[in-house]
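Visitor: Could you take me through this model, beginning with the chain as a whole and then turning to a single element?

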Amino acid sequence: MEASGPQLHLEWQVARMSAALPIFPELGPGQHSLDSILPGQRLRVYSSDGGGAAGSKDTLGLSSSVMAAPVPWACCAVLAAAAAVVYTQRHSPQEAPHVQYERLGSDVTLPCGTANWDAAVTWRVNGTDLAPDLLNGSQLVLRGLELGHSGLYACFHRDSWHLRHQVLLHVGLPPREPVLSCRSNTYPKGFYCSWHLPTPTYIPNTFNVTVLHGSKIMVCEKDPALKNRCHIRYMHLFSTIKYKVSISVSNALGHNATAITFDEFTIVKPDPPENVVARPVPSNPRRLEVTWQTPSTWPDPESFPLKFFLRYRPLILDQWQHVELSDGTAHTITDAYAGKEYIIQVAAKDNEIGTWSDWSVAAHATPWTEEPRHLTTEAQAAETTTSTTSSLAPPPTTKICDPGELGSSGGPSAPFLVSIPITLALAAAAATASSLMI
């Protein structure tokens with residue numbers, strides 16, 4: 001037996017009865033015959049698939065107070081028509097939303113599909129009703145668009161709630177000129193180019209990159225991890241022909257582009273040195289030993305050696321000290337402050353071409369310091385006590401006046417007249433302090 005298509009079921013149920021008694025077990029689409037409904041009963045409408053599985057149910061409520069008398073056939077016909085509407089709305093295919101992009105800050109008017117301007121409609125966004133004052137007839141008017149206006153807008157017939165139109169609105173900006181840069185950190189294998197937009201657009205963007213070596217188009221392989229980067233292999237080393245890289249960006253609201261031209265050797269820039277370590281040198285309070293490794297991305301350090309630049313400073317100061325090293329991956333700092341923590345970083349550069357790398361991850365170290373000695377004899381304690389007592393004595397303040405410093409009148413100046421009493425008073429105070437300490 002072939003499976004039938006979706007069926008419309010009509011049931012009536014007497015109040016306070018647990019079982020529903022079907023009027024017509026199976027009514028196909030378009031069959032809506034009813035004879036009568038008794039007082040205090042209600043009509044239940046639901047749909048099912050061809051296998052008999054019940055779908056969602058909708059009850060057309062008819063209370064006993066309203067149905068005080070047998071319902072005439074015409075009323076039942078109306079109810080059957082309502083049941084057909086429910087069935088049609090649930091099973092008719094809904095059109096895909098219309099996707100629309102609008103510029104941030106602009107005004108937009110959304111029509112309700114093909115509905116007349118004066119049609120009675122209701123608009124919703126993401127399932128929430130919109131205020132009627134946003135409508136101009138059946139059209140929805142949104143002014144000064146913000147990012148929060150993005151969403152799914154739906155227009156319904158006000159009486160039947162029939163869906164008339166849907167709009168998926170995206171609010172964004174056209175792209176500004178992209179920022180493009182190229183760099184070779186794996187010389188002589190190749191180089192990469194990366195790009196980004198100076199400001200977000202909030203909507204999807206499409207980028208297109210073109211690389212020319214003279215008139216020859218070169219392949220730019222997409223980076224598997226970074227979506228805004230591609231890699232180009234060098235075809236000819238030490239070429240004097242310039243490279244030109246162009247990039248264009250577009251979205252639903254606009255388009256922009258930029259390009260750069262460069263020589264092969266100008267974009268060589270290694271990655272920073274790795275595993276920078278600084279250690280104190282035993283019994284040397286002013287020395288730090290620093291070691292590091294060549295960046296692992298530099299493919300051939302033997303054929304293309306690197307030189308290094310080291311900078312260091314104590315944390316208590318802001319000024320760096322620098323040392324440039326033509327080769328090697330180690331250096332000993334000999335002028336460190338004893339007992340002060342230092343921060344050390346290293347950069348790298350090809351011996352002949354390109355620019356310096358960024359600074360490495362910082363290493364921290366403190367020079368060696370001698371452990372303090374503990375007092376063991378009474379003689380050392382007495383010596384320490386004597387020196388401490390002497391240091392508490394006030395410094396001398398008596399000033400011997402040179403006759404040449406006298407004023408032109410031949411007599412001493414006012415400060416000289418009072419110097420003797422002050423000196424005597426300070427001397428007496430010193431003697432008193434010494435006697436108290438003894």
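Visitor: What share of the residues of the protein chain counts as buried?

Guide: This is a predicted model, and its protein chain has 438 residues. Buried here means under 20% relative accessible area. By that cut-off, the share of residues that count as buried is 30%.

Visitor: How many strands are there in the protein chain?

Guide: The protein chain holds both kinds of element, with three helices on the one hand. On the other hand, the number of strands is 27.

Visitor: Which side chains of strand 18 point to the buried face?

Guide: Strand 18 covers residues 229-233, and its side chains alternate between two faces. R229, H231 and R233 point to one face and are not buried. The side chains that point to the other face, and are buried, belong to C230 and I232.

Visitor: Which residue stands opposite R229 of strand 18?

Guide: Strand 14, residues 190-196, pairs with strand 18 in the antiparallel sense over five bridges. R229, one of the residues of strand 18 that are not buried, stands opposite S194.

Visitor: What is the bridge partner of K222 in strand 18?

Guide: Strand 17, residues 221-222, also pairs with strand 18 in the antiparallel sense, here over two bridges. A hairpin through six residues joins strand 17 to strand 18. Within strand 18, the bridge partner of K222 is the buried residue C230.

Visitor: Among contacts between residues at least 6 apart in sequence, what percentage joins residues at least 24 apart?

Guide: Returning to the protein chain as a whole, the contacts considered are those between residues at least 6 apart in sequence. Of these, the percentage that joins residues at least 24 apart is 61%.

Notes. Residues are numbered from 1 along each chain as its sequence is written. This is a predicted model: local features need pLDDT of at least 70, side-chain atom pairs count only at pLDDT 80 or more; totals for chains, interfaces and linings use all residues. Side-chain values use heavy atoms; hydrogens and water are left out. Buried means under 20% relative accessible area, exposed over 50%, partly exposed in between (1.4 Å probe, protein chains only). Helices (H or I, at least four residues) and strands (E, at least two) are DSSP runs, numbered from the N terminus. Two strands pair if DSSP finds at least two bridges between them. Contact means heavy atoms within 4.5 Å.
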